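The following exercises are to be worked through with the sequence and the three-dimensional structure at hand. Each task is followed by a solution in steps.

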Amino acid sequence: MKAIVWTEYGPPEGLHLEEVPTPSPREDEVRIRIHATTVAAGDCELRALRFSLGLRILVRLLMGITKPRPKILGQEFAGRVESVGSRARRFRVGDAVFGTTGFAFGAYAEYLCLPEDSRGRALALMPSNMTYEEAAAVPTGGLEAWHFLRRAGPLRGRRVLINGAGGGIGMFAVQLAKEFGAEVTAVDGAGKLEALRANGADHVIDYAREDFTQRGQTYDVIFDIAGSSSISGSMGALTDHGCYLLGNPGVGARLRGVWSSRKRGRRVIAGASRQPTEDLVFLRQLIETGRLRATIDRRFPLAQVPEAHRYVDTGAVGGKVVVAVVGDPAQGSSAVGGSEDESSTVDRIGSAPRRTTGPSVGSTRRTVDRHHRADGEAQERAGGVPGRE
Ligand SMILES: NC(=O)c1ccc[n+]([C@@H]2O[C@H](COP(=O)([O-])OP(=O)(O)OC[C@H]3O[C@@H](n4cnc5c(N)ncnc54)[C@H](OP(=O)(O)O)[C@@H]3O)[C@@H](O)[C@H]2O)c1
């Protein structure tokens, strides 16, 4: 199969399109034909080891001291189950699925094998009303946003500020906070404020022009995704018993946050999300009922993943950068993207019909219905989520 192989920490030149062995599913695994994946800010930070010194050392210890050990990056995907192991029961060949790979990575490829059920990664049937590209844009950002917001407690009637609201996590955080009844203030660059309003934000702040901690306004929940807010300023902008969610903290910020949380009953919550499958099923239900959507900024074919990384490195991204691994067979295109026709492939992908390959919407809906039974626990969860009435 074709995959983008990651050979070196550093600039995108360490990513190469290569032919590698197609993986075979173990007994409890499914093999997924990946139709779309994404390039997230987190992928680029990992590729370039763009972390604090302590975290850089930790990542090298976990992922390879001199060279990265996981050879293929990519954390989220949408695709079709292409074969199932002998003990795999949740999915059938042909099911359209979306999910996260966790720390195994591996989504910048034509095929991926994943256990049906495992901790630290999520796999569920795809929303029946999304294309593969749209569905691939949901899992990591959606799960991360939901992980933090639910921990803030009921949101109805509360003032929630989201810092870094226009990015891959923020665009879901704004919608989820609105969905659960919050009054939302979204903070990001000027170019993203219009889209944030369209996503439901009640108020917007351009971070280059105004420091939200200096406005004299208080919030019940401050969710800092960009990792740029000052701890003391944010604590001062919280109501008594407010909640400060640190989506992207350094070690120092974590420690200062824990120390500050002792004052006036304010809570500081930091840490990594677990990405459980039932949360992804919950997001799918919101999508299928028209209450959550993904915003795609730009599309690239698989061969242009290094280019996509360069683009995400510029920081000028509003929404998700999607990699189309499979194009539209009806048009005879392959989104792997040969060098002879890459730009026209991008154009074709850009105007692809809503569902490019795989089951029809009708047949997908049938498989979704079948699996809604298996996903029963998630439906129960959806009935009891914070902020719901
Ligand atoms: N995506 C994931 O799966 C994941 C999971 C866990 C943690 N994280 C971490 O969380 C962080 C955010 O992830 P993401 O995918 O949402 O990144 P993203 O798509 O790059 O979004 C970050 C947003 O924050 C904005 N921003 C930059 N500086 C700001 C400031 N001073 N004040 C307010 N907003 C500011 C950026 O706007 P500009 O265009 O102006 O820069 C951008 O819109 C990353 O560091 C990532 O590693 C990501």
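**Exercise 1.** In this predicted model, what covers the buried residues of H5? Establish the burial of the helix as well.

*Solution.* Begin with the criterion: a residue is buried if 20 or more other C-beta atoms lie within 10 Å of its own. Applied to helix H5 (residues 170–179), this criterion classes 9 of the 10 residues as buried, so the helix is largely enclosed by the rest of the structure. The buried residues are Gly 170, Met 171, Phe 172, Ala 173, Val 174, Gln 175, Leu 176, Ala 177 and Lys 178. Their cover includes H4, strand E8 (159–163), E9, helix H6 (193–198) and E11. Finally, inspect the backbone beyond the helix: just after H5, Gly 181 adopts a positive phi of about 90°.

**Exercise 2.** Determine the strand order of the open sheet of 6 strands and identify which strands stand at its edges.

*Solution.* Reading across the sheet gives the order E10-E9-E8-E11-E12-E13, with parallel pairing. Strand E10 (203–206) and strand E13 (267–270) each have a single partner strand, so they stand at the edges and one side of each is left without a neighbour in the sheet. On average, neighbouring strands are turned by 15° against each other, direction ignored. For one pair in detail, take strand E11 (residues 219–224) and strand E12 (residues 238–246), which run parallel and are joined by 5 bridges. Phe 223 stands opposite Leu 245 in E12.

**Exercise 3.** Describe the shell around the ligand and explain where the ligand lies with respect to domain 1 and domain 2.

*Solution.* First, identify the residues: there are 28 around the ligand, and Thr 140, Gly 164, Gly 167, Gly 168 and Gly 189 come nearest. Next, classify the shell, which comprises 9 nonpolar, 15 polar and 4 charged residues. Then assign contributions to elements: helix H1 (41–48), helix H4 (139–151) and strand E9 (183–188) each provide at least two shell residues. Lastly, consider the domains. Both domain 1 (2–138 + 294–358) and domain 2 (140–270) give residues to the shell, so the ligand lies between them.

**Exercise 4.** Is Ser 24 buried or exposed? Locate the residue and relate its position to that of Leu 114.

*Solution.* Ser 24 is found in the loop between strand E2 (15–19) and strand E3 (29–39). A residue is exposed if 12 or fewer other C-beta atoms lie within 10 Å of its own. Ser 24 has 11 C-beta neighbours inside 10 Å and therefore counts as exposed. In sequence, Ser 24 and Leu 114 are 90 residues apart, while their C-alpha atoms are 10.0 Å apart in space.

Key:
Residues are numbered from 1 along each chain as its sequence is written. This is a predicted model: local features need pLDDT of at least 70, side-chain atom pairs count only at pLDDT 80 or more; totals for chains, interfaces and linings use all residues. Two strands pair if DSSP finds at least two bridges between them. Helices (H or I, at least four residues) and strands (E, at least two) are DSSP runs, numbered from the N terminus. Axes are lines fitted to C-alpha atoms, for helices over the stretch in contact, and angles run from 0 to 180 degrees between N-to-C directions. Ala, Val, Leu, Ile, Met, Phe, Trp, Tyr, Cys and Pro count as nonpolar, Asp, Glu, Lys and Arg as charged, and the others, Gly among them, as polar. Domain bounds come from an automatic or database domain assignment. Two residues are in contact if their C-beta atoms, placed from the backbone, lie within 7 Å.
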